[in-house]
Amino acid sequence: MVKFNFSCTNIDNLKSAYDFVVIGSGAAGMTAAIQAQELGLDVVIFEKLNNLGGNSMRASTGMNAVETMTQLKYQIIDSQESFYEETLKGGKGSNNKELLSYFVRHTESAIEWLSHHNIELNEIVSTGGMSKKRAHRPTGATAIGSYLVNGLQQQLVEKHIPVFNQTKVLSLVKNDGHISGVEIEHPQAGKKIINAEAVLIASGGFAQNRTLMSVYAPDLLRLGTTNHPGATGDGIKLATTAGGALVDMNKVQVHPTAQQETDHVYLIGEGLRGAGAILINHSGKRFTNEMATRDQVTKAIDDLHQDGAILIFDQGIREVFKAADFYVAMRLAVSGNTICELAEKIGVNPNNLEETVSSWNIYQETVEDIAFGRQTGMDRGIEKSPYYAIHIKPAVHYTMGGIKINSLTEVLNEIGETVPGLFAAGEVTGGLHGDNRIGGNSISETIVFGRQAGKQAAKHVLSLS
C-alpha cells in the first residue's frame, strides 16, 4: 500500500444534519463510518485534534484473529474456543462473556472485511498469553498501526466520507430520551448543533486524563504513558451525561516494555518478543517468561527493583519485526558487533550475558525453555550480528474500563437499558478485556466492534424511516 497524505474536509462543507455522527478518527470510528456508509447512511467523522488516527496509529504488533486463511498458510490449526479461553484466562475470568463471545466469533470476518477493502494482513506473530500465533500483520512485518490507519483513510476518500478535524464534540443532544445530535465547536465555525439519528462514541481511552487516573488508578500516576495526547476520556463524560453507565474503570493496563529515557515514552511492541527477543536484568540474566501476559511480565520487572530491565535482540529479529528499524533510527537501541561489546556498552556483566544468550539459543533450538517455560516467540535465536539492547520500564498503556455496552455496541444505562441512538466502540468502552488485555486484541476490537457499530447504527436509522 502506497502511503498518501489524507486531507480533512473543509469546515465550509459542514452540513447541519447527518444520519450518523462518529466521534473519533481511530480505527474503530473509521471502520464504523465505512461500514455504515456502505449500508446507505450519510456519515460524518468529528476529530478534536489536528492529527488523525488516535492510539490506533501507535499500534505496532498486530491484530489477533483465529481460523483465518493466514493461519492456515502458516500451518497453524486454531479454534475460537481456544482463543476465547485464553483471552478469558488473560483477563482473570472477569471479561464480559457476551462481548468476548461476539469478539472471538467475528475476528475471522474482520480480517476478511479488511482484505475486501485492500488492507491485507498476510503475516503472523505471537503475543503474550496466547498459545498460537494469532497477531496478523502486513507483509514485510510493517507496524500495523500506520498501515491500518492509512488503508482506512483511503477508503474514506474513495467513499467521500467527510472528516472534520479540530472539531470538539461538547455534548450529546437528546429529544424525548433519544439521541438526536451533537453540539460541536470548531475554531472557525464556532459552536453548532449537528442533527443525527445515531451517534457513535469512538474517542479512545483516558490514560492522559490525570483527574480520572487519580480517581480510578492513583497508584499509577507515577508512571509515564504510551498514549497519544488526545486520550483524555472525553467520550466517557459524553456518555455519562447522556445517561450511559461505566464499567471496570479501575482496570488500567501497564505495558511492561516502554523506552522512557527520551522526551517521549516509546512503546516497544510485544511483537519484538514475539519475534524472539529476550529480557534480562541488570546482571545480564533472564528472569521471566517474556511471553507471559502483560501483567505477569510487568510484575516480574517491578520485582527486580532495578529501574526496569533490558530487551536483547539481534539483526535477524530486527529483520522480521520492522518496528525495530524505528527503534534504531530513533536511537532507542544500543548496538554492538558482539555480545561482549553490547554488554560493555549497557553496563552488564559480559560473561553473564554471553551465557544467557548461549543458553537461550539452546532453548530456542530445542524448543524447550527449561529456565522459565516460554513456549512461543521461539522461531529464531539471537546469533546474527549486530546485537541490540533497549532499556525499558513499564508504562500505562491501556484503559480496560469505560462505557458499558452490549454486543450490539448499544450504550447501556445503570439498569442495563439502552440509550436509544447511542453506540460506543473501541477503547472508550469497558468489559471485553477483563483485568488484563491480551496484546493484539485491541486492534481486533476496533474492527470487530467498529463494524458492528456501523451495522447497528444503520439498522437503527433505517428503522426510523
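Which residues form a negative surface patch? In this structure, which is a predicted model, the negative patch on the surface is made up of Glu67, Glu81, Glu85, Glu108 and Glu112. Two elements each contribute two or more residues to this patch, namely helix H3, which spans residues 80-90, and helix H5, which spans residues 107-116. Glu112, one of the patch residues, is located in helix H5, and with a relative accessibility of 56% this glutamate counts as exposed, because the cut-off for an exposed residue is over 50%.

Charged side chains also occur in pairs. Side chains of opposite charge can pair when their charged atoms come close, and the structure contains 19 salt bridges. One of these is formed between the side chains of Arg134 and Glu86, with an N to O distance of 2.8 Å. Arg134 is placed in the loop that runs between strand S4 (123-125) and strand S5 (135-137), whereas Glu86 belongs to helix H3, so this salt bridge ties together parts of the chain that are 48 residues apart in sequence. Arg134 has a relative accessibility of 0% and is therefore counted as buried, and Glu86, at 17%, likewise counts as buried because the cut-off for a buried residue is under 20%. Helix H3 thus appears in both settings, as it gives two or more residues to the negative patch and also holds Glu86, the partner of Arg134.

A further salt bridge is found between Arg294 and Glu270, whose closest N and O atoms are 2.6 Å apart. This pair links distant parts of the chain, with Arg294 in helix H10 (residues 294-302) and Glu270 in helix H9 (residues 270-274), at a separation of 24 residues. Arg294 is buried, its relative accessible area being 7%, and Glu270 also counts as buried, with a relative accessibility of 2%.

Glu290 and Arg374 form another salt bridge, in which the closest N and O atoms lie 3.0 Å apart. Here, too, distant parts of the chain are linked, since Glu290 is in the loop between strand S13 (278-280) and helix H10, while Arg374 is in the loop between helix H14 (350-366) and strand S16 (387-399), 84 residues apart. Both residues of this pair, Glu290 and Arg374, are buried. The pair is moreover part of a network, in which salt bridges with shared partners join Arg286, Glu290, Asp369 and Arg374.

The loop between helix H14 and strand S16, in which Arg374 is placed, also contains Pro386. The peptide bond leading from Ser385 to Pro386 is cis, with an omega near 0 degrees. Positive phi values are a second backbone feature to be noted. Most residues other than glycine have a negative phi, and most peptide bonds are trans. Lys92, which is situated in the loop between helix H3 and helix H4 (97-105), has a positive phi, near 60 degrees, without being a glycine. Arg331, in the loop between helix H12 (323-329) and strand S15 (334-336), likewise has a positive phi of about 60 degrees although it is not a glycine. Lys92 is exposed, with a relative accessible area of 51%, and Arg331 is also exposed, with a relative accessible area of 74%.

Several other loop residues are, by contrast, buried. His433 occupies the loop between strand S20 (429-430) and helix H15 (441-464), where its relative accessible area of 2% places it among the buried residues. The side chain of His433 is joined to that of Tyr398 by a polar contact of 3.4 Å. Met249 is located in the loop between strand S10 (246-247) and strand S11 (252-259) and is buried, with a relative accessible area of 5%. Between the C-alpha atoms of Met249 and Phe372 the distance is 33 Å, the two residues being 123 residues apart in sequence. Asn209, found in the loop between strand S9 (190-201) and helix H7 (210-216), is buried as well, with a relative accessible area of 18%. The C-alpha atom of Asn209 is separated by 31 Å from that of Ala110, a residue 99 residues away along the chain.

Methods. Residues numbered from 1 in each chain as written. Predicted model: local features only at pLDDT ≥ 70, side-chain atom pairs only at ≥ 80, totals over all residues. Heavy atoms only, no water. Patch = residues over 30% accessible without salt bridge, like charges linked within 9 Å, V, L, I, M, F, W, Y side chains within 5 Å. Areas by Shrake-Rupley, 256 points an atom, 1.4 Å probe, with all protein chains shown as cover. Salt bridge = Lys/Arg side-chain N within 4 Å of Asp/Glu carboxyl O. Lys, Arg positive; Asp, Glu negative; His and termini not counted. Charge placed at Lys NZ, Arg CZ, Asp CG, Glu CD. Helix = DSSP H or I, 4+ residues; strand = E, 2+ residues; numbered from the N terminus. Buried < 20%, exposed > 50% of the residue type's maximum accessible area, 1.4 Å probe, protein only. Polar contact = N/O pair within 3.5 Å; in protein donor to acceptor, adjacent residues only side chain to side chain.
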